[in-house]
Amino acid sequence: MPRPPLAALALALVLAACGGATRQAGETSADKAAPRHSRTSLSADELVATNASSAFDAVERLRPEFLRPRGTSSLSTGAPDLPAVFLDGIHAGGLEMLRALRPTEIELIRFVSAADATTRYGTGYPGGVIEVVTKGSKRP
């Protein structure tokens, strides 16, 4: 009995694997096209949909983990390490800064871990950073 060519066998395997990428039961094509929500960022649409009066309130409702302390960096003070807030790439202060911003002014809010914040902004952010990009900003 002749053996099938290796290329035909490989094609059959590829086609079988592609068949597993079909929609799940109940999933529509619109569901597949809809953007997935990120655990580390909030879009303008998500923020506005909360009807919150401040960015702090919107974040508190949608991603409360952004606002939580990340432990303590000093045994002497025992103060918790809270995230710093950067507004359009500039250090703007602590979490209280989010109370001064309306969700309608914001394009994106993103949480940056302490390790990534050190790479982007230098040392001194053991609680991480909350990056806020306002509408009309030239920053990504």
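This is a guided tour of the predicted model shown above, going from the whole chain to its strands, cores and salt bridges.

**Before selecting anything**

Because the model is predicted, local features need pLDDT of at least 70 and side-chain atom pairs count only at pLDDT 80 or more, whereas totals for chains, interfaces and linings use all residues. Residues are numbered from 1 along each chain as its sequence is written, and side-chain values use heavy atoms, with hydrogens and water left out.

**The whole chain**

Start with the cartoon, where the chain shows five helices and five strands; helices (H or I, at least four residues) and strands (E, at least two) are DSSP runs, numbered from the N terminus. Followed along the sequence, these elements give the pattern α-α-β-α-α-β-β-β-α-β. Switching to a surface, the accessible area of the chain comes to about 9,200 Å², and 58% of that belongs to carbon and sulfur atoms; accessible areas come from the Shrake-Rupley method with a 1.4 Å probe, and for residues only the protein chains shown count as cover. Of the 140 residues in the chain, 28% are buried, where buried means under 20% relative accessible area, exposed over 50%, and partly exposed in between (1.4 Å probe, protein chains only). Among contacts between residues at least 6 apart in sequence, 55% join residues at least 24 apart, a contact being heavy atoms within 4.5 Å.

**Strand S5 and its partners**

Next select S5, residues 129-134, a strand that is mostly covered, since six of its six residues are buried. Val129, Glu131 and Val133 point one way from this strand, while Ile130, Val132 and Thr134 point the other way. Adding S4 (106-112) brings in an antiparallel pairing with S5 over six bridges, in which Phe111 has Ile130 as its bridge partner. Adding S2 (residues 84-87) shows a parallel pairing with S5 over four bridges; two strands are taken to pair if DSSP finds at least two bridges between them.

Stay on S2 and pick Leu87, which stands opposite Val132 in S5. Beyond residues up to four places away in sequence, Leu87 touches Ala92, Met97, Leu101, Val132 and Thr134. The C-alpha atoms of Leu87 and Met97 are 9.0 Å apart, with the two residues 10 apart in sequence.

**Helix H4**

Now select H4 (residues 55-62), whose buried residues are Ala55, Phe56, Ala58 and Val59. Looking down the axis of H4, one finds these buried residues within an arc of 165 degrees, so they line one face of the helix; the arc is that of the directions from the helix axis to the C-beta atoms. What they pack against is strand S1 (41-43), helix H3 (44-49) and strand S4 (106-112).

**The nonpolar cores**

In soluble globular proteins, nonpolar side chains tend to be buried together. A nonpolar core here is a set of buried Ala, Val, Leu, Ile, Met, Phe, Trp, Tyr and Cys residues joined through side-chain atoms within 4.5 Å. The largest such core has 18 residues, of which Leu98, Ile109, Ile130 and Val132 touch the most other members. H4, S4 and S5 are the elements that give two or more residues to this core, and H4 supplies the largest share, four residues. Centre the view on Ile109: leaving aside neighbours within four places in sequence, its contacts include Leu42, Leu47, Ala55, Val59, Phe66, Ile130 and Val132. A second, separate core of six residues can then be selected, with Ala84, Phe86, Tyr125 and Val129 among its members.

**The salt bridges**

Finally, look at the charged side chains, where the structure holds four salt bridges, each a side-chain nitrogen of Lys or Arg within 4 Å of a carboxyl oxygen of Asp or Glu. Glu46 and Arg63 meet at 3.4 Å, N to O; Glu46 lies in helix H3 and Arg63 in the loop between H4 and S2, so the pair ties together parts that are 17 residues apart in sequence. Both Glu46 and Arg63 are buried. In the salt bridge between Glu105 and Arg102 the closest N and O atoms are 3.1 Å apart; Glu105 is partly exposed at 28% relative accessible area, and Arg102 is partly exposed at 47%.

The last stop is Glu131 and Arg120, whose side chains meet at 2.9 Å, N to O. Glu131 lies in S5 and Arg120 in helix H5 (residues 114-121), so this salt bridge ties together parts that are 11 residues apart in sequence. Glu131 is buried at 7% relative accessible area, whereas Arg120 is partly exposed at 49%. Adding Arg110 to the selection completes one network, in which salt bridges that share partners join Arg110, Arg120 and Glu131.
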